[in-house]
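This report describes the charged side-chain pairs, helix packing and confidence of one protein model. The sequence and structure are shown first.

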Amino acid sequence: MTIKRRNRTKHTKTFEERLAEEAARLKEAAAQLPPGPQRELYLRRARQADTAANINEWLTSPGLQPPTALENMQVGGPAKRDRVASD
């Protein structure tokens, strides 16, 4: 039985840099084409790369922090069993 090893790529540029380069490459390729479906496809993929870069920037920003245990307890308010029925 042969174990297949996964090919791994060591990137020299950051994810953001690769997305920006891909978007620029696609925009340049689209500029060389006449109006039509291929040009629209390149422009759409360029917008997707820009959007991916924006989402990645938002997700990796220092302002976005996971909730702490204390925040989790305070969000829902008192537990059901602690509530007093008002009749």
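In this predicted model, R25 and E22 form a salt bridge whose closest N and O atoms are 2.8 Å apart. Both residues belong to helix α1 (residues 15-31), where they are separated by three residues, about one turn of the helix. An α-helix has 3.6 residues a turn, so residues three or four places apart point the same way. R25 is partly exposed, at 47% relative accessibility, and E22 is likewise partly exposed, with a relative accessible area of 32%.

A search of the whole structure returns three salt bridges. They are listed below with the separation of the closest N and O atoms.

| Salt bridge | Closest N and O atoms |
|---|---|
| E21 with K13 | 2.6 Å |
| R25 with E22 | 2.8 Å |
| D50 with K27 | 3.1 Å |

The pair of D50 and K27 joins two helices. D50 lies in helix α2 (residues 37-59) and K27 in helix α1, so this salt bridge ties together parts that are 23 residues apart in sequence. D50 has a relative accessible area of 30% and is therefore partly exposed, the range for that class beginning at 20%. K27 is also partly exposed, at 41% relative accessibility.

In the pair of E21 and K13, both partners are again partly exposed: E21 has 42% relative accessibility, and K13 has a relative accessible area of 37%.

Which residues of α2 are buried? They are A46, A49, A53 and N56. These buried residues of α2 pack against α1. Helices α1 and α2 are thus connected in two ways, by the packing of the buried residues of α2 and by the salt bridge between D50 in α2 and K27 in α1.

The length of α2 can be compared with expectation. At 1.5 Å a residue, its 23 residues should span 33 Å, and the end C-alpha atoms are 32 Å apart, which agrees.

Confidence varies along the chain. The protein has an average pLDDT of 83, and 74% of the residues score at least 70. Where is confidence highest, and where is it lowest? The highest mean, 96, belongs to α1, whereas the lowest, 60, belongs to helix α3 (residues 69-75). Where pLDDT is low, the predicted coordinates should not be read in detail. Helix α1, with its mean of 96, contains both partners of the salt bridge between R25 and E22.

How values were computed. Residues numbered from 1 in each chain as written. Predicted model: local features only at pLDDT ≥ 70, side-chain atom pairs only at ≥ 80, totals over all residues. Heavy atoms only, no water. Salt bridge = Lys/Arg side-chain N within 4 Å of Asp/Glu carboxyl O. Buried < 20%, exposed > 50% of the residue type's maximum accessible area, 1.4 Å probe, protein only. Helix = DSSP H or I, 4+ residues; strand = E, 2+ residues; numbered from the N terminus. Expected span 1.5 Å × (residues − 1). Contact = heavy atoms within 4.5 Å. pLDDT = per-residue confidence, 0-100.
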